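Biologist: I should be grateful for a close look at one part of this protein, set out for a first-year student. Please choose a strand, explain how it is placed, and then relate it to the rest of the chain.

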Amino acid sequence: MRNLSLSKWLALITTMMLGACDTLGYYTQAVSGQLYILTHRQKIEGLLDNPATDPGLRARLGTITRIRAFAGDSLALPVESHYATYVDLQRSYVVWNVFAAPEFSMEPRTWCYPVVGCVSYRGYFNEKAARDFARELKDQDLDVYVSGIVAYSTLGWFSDPVLNTLMNRQEHQLAALLFHELAHQVVYVRGDTEFNESFATAVEREGQRRWLEANTAEPSRRAELETAIGTERQRQQQFIALVQSATADLRVLYASTTDESVLRREKALRFERLRADYAELKKQWKGYSGYDPWFAGDLNNAKLATVTTYNNLVPGFTALLAQQGGDLAAFYRRVAEMAELSYDERRQVLATALASR
């Protein structure tokens with residue numbers, strides 16, 4: 001892992017600007033946004049010792065300190081100096097990601113950058129800038145989706161801080177999120193967002209399970225939380241299945257004809273059907289409305305692609321962990337080996353693990 005001085009990092013970013021086929025303005029906002037975070041970090045230890053710290057914030061930061069220790073000691077995650085500092089951004093999201101896909105394709109558009117490779121989104125520290133870029137993409141007849149993001153990993157280039165954007169979560173949710181972000185420090189494959197996010201999600205889930213087991217002494221409380229998490233994940237899987245089914249239908253549609261008027265009409269009908277299917281699913285959930293915000297906006301190819309991209313490979317990683325007997329260190333080593341394989345070979349390893357369960 002690398003912790004660069006600001007001067008070295010600025011030199012790195014300058015090189016990125018000169019070498020990348022992109023606008024100087026985009027990298028300028030990325031530099032200024034990251035610099036703001038780096039220069040406003042406060043040590044959590046100092047905040048905990050400061051009597052002027054808000055009691056609620058102090059309690060949450062104390063919890064984060066325990067989560068960090070657990071991540072390193074019990075999950076073999078590379079905590080190092082990550083999440084030992086705090087930044088209040090005075091906003092609800094740290095970045096806004098812009099996703100795009102062609103009007104008649106489920107393949108998301110990608111953008112390629114130094115260090116991280118090609119990814120299926122473009123991030124902005126300013127919401128207006130993100131939405132301005134989204135409008136540019138819409139003018140190119142692309143389907144576009146803008147999503148606020150509460151946390152991200154710098155992949156070891158810096159010591160990532162805890163942000164105020166995370167602090168409204170329950171303890172087990174906060175633990176899961178930090179485990180997810182720390183997993184990106186373990187393995188990151190340039191240009192394979194699906195692989196990276198699915199791996200981090202698998203670590204997040206296993207870490208959350210172990211956190212509850214180790215930190216919830218009262219059996220009835222632990223059972224209550226496990227039930228709530230199980231219900232939450234079941235709903236999530238049902239939501240994902242719904243979106244994946246719609247995605248599969250759209251893929252078949254887009255391959256069936258080149259008549260744009262037919263495609264546009266049939267596409268709209270499929271999105272109407274997806275909304276109707278969700279309404280039926282909510283009846284099973286007895287009115288649970290957690291996914292209403294997602295359905296409240298426009299439905300399009302870009303939005304659907306984010307759901308499949310971030311979840312497709314999780315079952316394979318879960319099966320691979322089981323093959324390692326639940327040994328997380330061995331699991332990380334196996335995934336690191338997979339990172340050296342080709343795109344197709346990585347997926348074949350996961351498919352084989354899943355089939356052998």
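Modeller: The account below begins with one strand and then moves outward to the other parts of the chain.

The model is predicted. The part chosen for a close look is strand β3, which covers residues 95-102. Is this strand enclosed or open to its surroundings? Seven of its eight residues are buried, so β3 is largely enclosed by the rest of the structure. The word "buried" is used here for a relative accessible area under 20%.

Strand β3 has two partners to consider. With strand β7 (residues 142-149), β3 runs antiparallel, and eight bridges join the two. One pair of residues serves as an example: asparagine 97 has serine 147 of β7 as its bridge partner. With strand β6 (residues 122-124), β3 is again antiparallel, and here three bridges join the strands. In this case tryptophan 96 may be followed across to β6, where its bridge partner is tyrosine 124. As a general point, side chains in a regular strand alternate between the two faces of the sheet.

Just before β7 there is a residue that deserves attention. Aspartate 141 lies in the loop that runs between helix α5 (127-138) and β7. Its phi is positive, at about 65°, although the residue is not a glycine. Aspartate 141 is exposed, with a relative accessible area of 57%. Alanine 76 also has a positive phi, near 55°, and is likewise a residue other than glycine. Its place is the loop between α4 (55-75) and β2. With a relative accessibility of 38%, alanine 76 counts as partly exposed.

Another feature of the chain is a disulfide, which joins cysteine 112 to cysteine 118 with an S to S distance of 1.8 Å. How many disulfides does a search of the whole structure find? The search finds one. The torsion about its S-S bond is about 100°, so the disulfide is right-handed. Cysteine 112 is partly exposed, with a relative accessible area of 47%. Cysteine 118 is also partly exposed, and its value is 26%.

A further sheet may now be described. It is open and is formed by three strands in the order β1-β2-β8, with mixed pairing. Strands β1 (42-43) and β8 (162-163) stand at the edges, each with a single partner strand, so one side of each is left without a neighbour in the sheet. Strand β2 (residues 85-87) pairs with β8 in the parallel sense, over two bridges. Within this pairing, tyrosine 86 has valine 162 of β8 as its bridge partner.

Two arginines introduce the helices. Arginine 221 belongs to helix α8, which spans residues 219-256. This arginine is partly exposed, with a relative accessible area of 35%. Its side chain and that of glutamate 224 are joined by a polar contact of 3.0 Å. Where does phenylalanine 239 lie with respect to arginine 221, in sequence and in space? The two are 18 residues apart in sequence, and their C-alpha atoms are 27 Å apart in space.

Arginine 270 lies in helix α9 (residues 260-284). Its relative accessible area is 19%, and this residue is therefore buried, the limit being under 20%. A polar contact of 3.0 Å joins its side chain to that of glutamate 266. When neighbours within four places in sequence are left aside, arginine 270 is in contact with Asp249, Leu250 and Leu253.

The whole protein provides the setting for these parts. There are 14 helices and eight strands. The radius of gyration is 21 Å, close to the 21 Å that the globule rule gives for 357 residues, so the protein is as compact as a globular protein of that length. Along the principal axes, the C-alpha atoms fill a box of roughly 65 × 55 × 40 Å. Of the 357 residues, 47% count as buried. Among contacts between residues at least 6 apart in sequence, 73% join residues at least 24 apart. The accessible surface comes to about 17,400 Å², and 51% of this belongs to carbon and sulfur atoms.

To return to the strand with which the account began, β3 has seven of its eight residues buried, and β3 is joined by bridges to β7 and to β6.

Notes:
Residues are numbered from 1 along each chain as its sequence is written. This is a predicted model: local features need pLDDT of at least 70, side-chain atom pairs count only at pLDDT 80 or more; totals for chains, interfaces and linings use all residues. Side-chain values use heavy atoms; hydrogens and water are left out. Helices (H or I, at least four residues) and strands (E, at least two) are DSSP runs, numbered from the N terminus. Buried means under 20% relative accessible area, exposed over 50%, partly exposed in between (1.4 Å probe, protein chains only). A polar contact is a pair of N or O atoms within 3.5 Å; within protein, one must be able to donate a hydrogen and the other to accept it, and residues adjacent in sequence count only if both atoms are side-chain atoms. Contact means heavy atoms within 4.5 Å. Two strands pair if DSSP finds at least two bridges between them. The radius of gyration is taken over C-alpha atoms; the globule rule is 2.2 Å times the number of residues to the power 0.38. Accessible areas come from the Shrake-Rupley method with a 1.4 Å probe; for residues, only the protein chains shown count as cover. A disulfide is a pair of cysteine sulfur atoms within 2.5 Å.
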